[in-house]
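Colleague: Could you walk me through this one slowly? I would like to follow it piece by piece.

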Amino acid sequence: MSNTRKPGKQPQGRVEKMIDRCFFQLPDWVGSFVAEWNEPLDTVKSRMEFAIALSKENIRQQTGGPFAALVVDEDKKELVSVGLNLVTSSGLSVAHAEIVALSLAQARMGNWDLASAGSLQLITSCEPCAMCFGAVPWSGVKSIICGAGKSDAEAAGFDEGDKPADWVRSLQRRGIVVQTGVLSNKASQVLADYKASGATVYNASVEKKRSHRG
Ligand SMILES: [Zn+2]
């Protein structure tokens, strides 16, 4: 087999230049916002307060959708990573807050399995969509804490995707502790405010009537 090609002519069906990497990056404001947050992260409510504050700031800074997440080391009571919805700023549909937080935690730990780093917890300002729900068991977190619920996200125009109705129990069957509705009124107000502001609602091409969840 010859490997020679005429320069400037690509074989049919090939792109001219393959992209070999992509990434998402937290906006610049996050570093100082995290540094200035002096509240302890010793309870699920205090962690949710921080996630909600981050989601509000993400809207104010216009760096993504109204969703934020954290990964916290439950043993050390320390923040491991922060995630924001970066779909619009990164151009990546997978850049939901939970995926960003889990990925940054794994990058920090240098391990795809967060279970190897101890008892890590995912806190999310809104319960996970179908994609993020699927990502949770593979991430190695021991627990997930949710603020706003599916109905709150849908009321703001977001789509949860085809998530099992018994998603909480399916995670629990895998040994993951699930707590929903933590500061749900405060968390859902962020979604309502986002909708009321007329901010960008990014549409999924598969369903024009609804926006794609972040
Ligand atoms: Zn999601």
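Modeller: What follows is a short talk through the sheet, one of its helices and two loop residues, and please keep in mind that this is a predicted model.

Colleague: Okay, in what order do the strands of the sheet come?

Modeller: The open sheet is formed by five strands in the order S2-S1-S3-S4-S6, and their pairing is mixed. From one strand to the next, the twist averages 15 degrees.

Colleague: And which strands stand at the edges?

Modeller: Those are S2 and S6, the latter covering residues 177-179, and each has a single partner strand, so one side of each is left without a neighbour in the sheet.

Colleague: How do the strands on either side of S1 run, then?

Modeller: S1, which spans residues 68-73, is antiparallel to S2 (residues 78-84) and joined to that strand by six bridges, while five bridges pair S1 with S3 (residues 120-126), again in the antiparallel sense. S3 and S4, by contrast, run parallel and are joined by five bridges, with Gln121 having Ser143 in S4 as its bridge partner.

Colleague: Is S1 mostly covered or mostly open?

Modeller: Mostly covered, as five of the six residues in S1 are buried.

Colleague: Let's pick one residue there. What are the bridge partners of Val71?

Modeller: In S2 the bridge partner of Val71 is Ser81, and in S3 the partner is Leu122.

Colleague: What else does Val71 touch?

Modeller: Leaving out residues up to four places away in sequence, the contacts of Val71 include Val80, Ala101, Leu102, Ala105 and Val141. Val71 is also among the residues with the most contacts inside the largest nonpolar core, together with Ala51, Leu70, Ala101 and Leu122, and that core has 50 residues.

Colleague: Which elements give two or more residues to the core?

Modeller: The helices are H2 (44-60), H4 (97-109), H5 (130-139) and H8 (184-196), and the strands are S1, S2, S3 and S4, the last of these at 143-148. As background, nonpolar side chains tend to be buried together in soluble globular proteins.

Colleague: New topic: where does H4 sit?

Modeller: H4 packs on the sheet, where it touches S1, S2 and S3, and its direction makes about 135 degrees with that of S2. The buried residues of H4, which include Ile99, Val100, Ala101 and Leu102 as well as Glu98 and Gln106, pack against those three strands, S1, S2 and S3, and also against H5.

Colleague: How far does H4 reach?

Modeller: The 13 residues of H4 reach 18 Å from the first C-alpha to the last, which is close to the 18 Å expected at 1.5 Å a residue. After H4 comes Gly110, which has a positive phi near 70 degrees.

Colleague: Which residues other than glycine have a positive phi?

Modeller: One of them is Lys77, with phi near 55 degrees, and this residue belongs to the hairpin of S1 and S2, which has four residues between the strands. Another is Leu183, whose phi is about 50 degrees and which is found in the loop between S6 and H8.

Colleague: Are those two buried or exposed, and why?

Modeller: Lys77 has 13 C-beta neighbours inside 10 Å, so it counts as partly exposed. Leu183 is buried because 21 other C-beta atoms lie within 10 Å, where the cut-off for buried is 20 or more.

Key: Residues numbered from 1 in each chain as written. Predicted model: local features only at pLDDT ≥ 70, side-chain atom pairs only at ≥ 80, totals over all residues. Buried ≥ 20, exposed ≤ 12 C-beta atoms within 10 Å, placed from the backbone. Pairing = 2+ DSSP bridges. Core = buried A, V, L, I, M, F, W, Y, C linked by C-beta atoms within 7 Å. Contact = placed C-beta atoms within 7 Å. Axes fitted to C-alpha atoms, helices over the stretch in contact; angles between N-to-C directions. Expected span 1.5 Å × (residues − 1).
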